[in-house]
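Dear colleague,

Here is the structure I promised to pass on. Please open it alongside this note.

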Amino acid sequence: MNEKALRTLEFNKIKEQLSALALTEPGQMRCEALLPYDRLEQVERAQHETEEALLILLRRGDNPLIHFKDVSPFMGLAQKGSTLPPRTLLDIAELLRASSAAKNALGEDEQNRTPQLTALAARLTPLRNLERAISDALISEEEVADNASSALSDIRRHMRLCNDRIRDKLQSIAHGANSSKYLQDSLITMRNGRYVLPVRQEYRSQVPGLVHDQSSSGATLFVEPMAVVEAGNELKEWQAKERIEIERILAELSAKVGAEADTISENLDILIELDFRFAKAALARQMRAIRPVMNDRGYIKLVKVRHPLIPDDQVVPCDLWLGDTFTTLIITGPNTGGKTVTLKTVGLITLMALSGLHVPGQLGTTLAMFQNVYADIGDEQSIEQSLSTFSSHMKNIVSILEEADNTDLVLFDELGAGTDPTEGAALAQAILQRMLKMGIRSVATTHYSELKAFALATPGVENASVEFDVSTLSPTYRLSIGVPGKSNAFEISRRLGLSDRLIEEAQRLLTRENLLFEDVIASAQTQRQAAEKDREEAEQLKNESLRLKREAEELRAEMAALREGARVKAREEGRRIVEKAKRESAEVLNELKSLKLADPNQVNQLRKRLRDLTDEMSSGLNLDEENDEIRPENVKIGMHVQLLVNNAPATVLSLPDAKGEVQVQAGAMKMRLPLDQLKPADQPKAKKQTVVRSATKAAERSVKMECDVRGMALDEAMAAVDNYLDSAILAGLHEVFIIHGKGTGVLRTGLRTHLNKHPHIASQRAGKYGEGEGGVTVVTLK
């Protein structure tokens, strides 16, 4: 990628913003090294990586990574057997904790929405044993834990005992008789790692011992009494052993790190990559950016794209397209109107997209894969090189013409400016013709009217303009494609106070063709602005109607939910009432039977009628939700339905349309209604032919619902049951009761075994609560 264009378009400022959002210093260095990619596949992969990280950020609300440091310089030392300092070992443990945290946070993706991030995190190897060994052994970079080894724990126990003996002895000396006379102070202090007492110079002989230091005035000597010298020597020995043991512990931990150096280095590389990706996602969230659609056809379409370096409260979104019906765009308009900003926006947004960054715009933004972006923007005159403004621009343009091809994007600011207008316009036109012939996508800004006419007359070249409000002398910064811009020099001068006479004289100096051309441009701009205003108002009305429609649909859905809730509640209440009625009726019937106040045959008939009634009521309450709603796939022409509003019967005349509405006929009226305003109706059933047998009816009147065989022998009971079943079948009964009692169970077991073999029995079951339970067998006949 062209280095000069990266500087000119201020891509480095984008990288500074990106780097500031990285969590760690290695991640910041990775952000600072970001450059546009060379192939479309790389760009698409990088864009997808940013999109996945953004999904994680939006879902979690924060960065799933924790801080870590770059420990790569120490991995080689550890592999060579060097002992690493405690600070480095603690940094390695921190890195391993970060690996574990990242793997836990990103290792699972149940919805498969972030496959690349999940796969990258799955490559992390936390090495929890090594992390725990370092964390347990090192409290800080200056302190090793007592439990780092059993030997270190024993050494420090002896050191504490020595310390206690020395301090106790010194305390006894410091607070002994006449101690205040020869001691400067009763405080115990240390010099050169030895415990000492501050002794006055003149009383040196009163405290036998070793002098380790003296005060600056020489009035105080710091003496280690002979009584503690031996204990002090012993303490020094234990301290030396402690240093040796600590060195051994650090060497052992360093050896473990060296054995896992490759894994740790791979973890570091993965974490740096994750930090980089989440920095890109954080930048996208900060800019309210979207993933652009990429292509290799050289087609650019910016939809409400904002320049990323201009504050949101000041930037004006830009709509621009290039590379479809035209490959060269010429932007004209007054100074300070936003031409250069538009040029930089196109270049910088392209560089961001090619670097895998999301761009601040709206969905539909499309950007192309370019091998290079060239930009000639700004005044680059050089006193040292004796270059004027025109010369510096031309030197840059010559370089661009030598290097650019049809895979590049070229941006020219004020092409041909800085020299004679006639010659400058001719040069600019020739350069743009060269761009057009080579198929190079190019955007140029200019004030030359000749280039406006060139764009109007040349296929593949299009005019664009930035608007300017003459009434307020301020630019609107809005870009309009298809209409050339007007400089508005006369109007601006008049508003600033230049006399009308001078303006009229200046206008007379222009040719008639120039005046007509500028008038046509002004008229076209006025008409376009009016049309744009009408379009915006129409868009607002459309959005308002869509909002109202959406609210109406939400309200209808809410009402349907409330209606269904009420229906479910009523159904549950009905079930509760039916169940209560069944229990209470069964209790009353059982009580009547136990008191023998009613004929058993009548009681059983009442029980059957009650069961049929409750079954009928329950079947009406056990309707599924599907039976109360009509689904589009179930609708048929001629289907019978009911209107929810008044339960009126109707017939379906058409299948559902795109809005989910059908045409129905209710009586003499035809209407279109949505499916949620209809409910199913009972479909007419074909009449079945019935045969009436008077003998069967007579038999039905004479056969009881139950057969009581209590007290009979098994053989006798089996014969009685067979005779009864024959009569019940002739009578057309469907369900009968065999009363055998509970007793020892012999009669019940024998009868049920016999009934299993009966050819006319469909099924049998024990009686339920209220039917006699285990003392009754309920038989269903075929």
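Below is what I found in it, from the whole protein down to single residues.

Please keep in mind that the model is predicted.

Overall make-up. The protein has 782 residues, and 41% of them are buried. Its secondary structure comes to 24 helices and 25 strands. About 42700 Å² is exposed, with 51% of that area supplied by carbon and sulfur atoms. Among contacts with a separation of 6 or more, 66% link residues 24 or more positions apart.

The sheet. One open sheet has 4 strands, in the order E3-E4-E6-E5, with antiparallel pairing. Strand E3 (189-191) and strand E5 (209-214) stand at the edges. Each has a single partner strand, so one side of each is left without a neighbour in the sheet. From one strand to the next, the twist averages 50 degrees. E5 and strand E6 (residues 220-225) run antiparallel and are joined by 5 bridges. Asp 213 stands opposite Phe 222, which is in E6.

Helices on the sheet. Two are worth a look. Helix H9 (residues 150-174) packs on the sheet and touches strand E4 (194-200) and E6. The direction of H9 makes about 10 degrees with that of E4. Helix H11 (residues 226-259) also packs on the sheet, touching E4, E5 and E6. The direction of H11 makes about 75 degrees with that of E6.

A surface patch. Leu 555, Met 559 and Leu 562 form a nonpolar patch on the surface. Together they have about 310 Å² of accessible area. Leu 555 lies in helix H19 (residues 512-595).

Best wishes

Note on methods: Residues numbered from 1 in each chain as written. Predicted model: local features only at pLDDT ≥ 70, side-chain atom pairs only at ≥ 80, totals over all residues. Heavy atoms only, no water. Patch = residues over 30% accessible without salt bridge, like charges linked within 9 Å, V, L, I, M, F, W, Y side chains within 5 Å. Areas by Shrake-Rupley, 256 points an atom, 1.4 Å probe, with all protein chains shown as cover. Salt bridge = Lys/Arg side-chain N within 4 Å of Asp/Glu carboxyl O. Helix = DSSP H or I, 4+ residues; strand = E, 2+ residues; numbered from the N terminus. Pairing = 2+ DSSP bridges. Axes fitted to C-alpha atoms, helices over the stretch in contact; angles between N-to-C directions. Contact = heavy atoms within 4.5 Å. Buried < 20%, exposed > 50% of the residue type's maximum accessible area, 1.4 Å probe, protein only.
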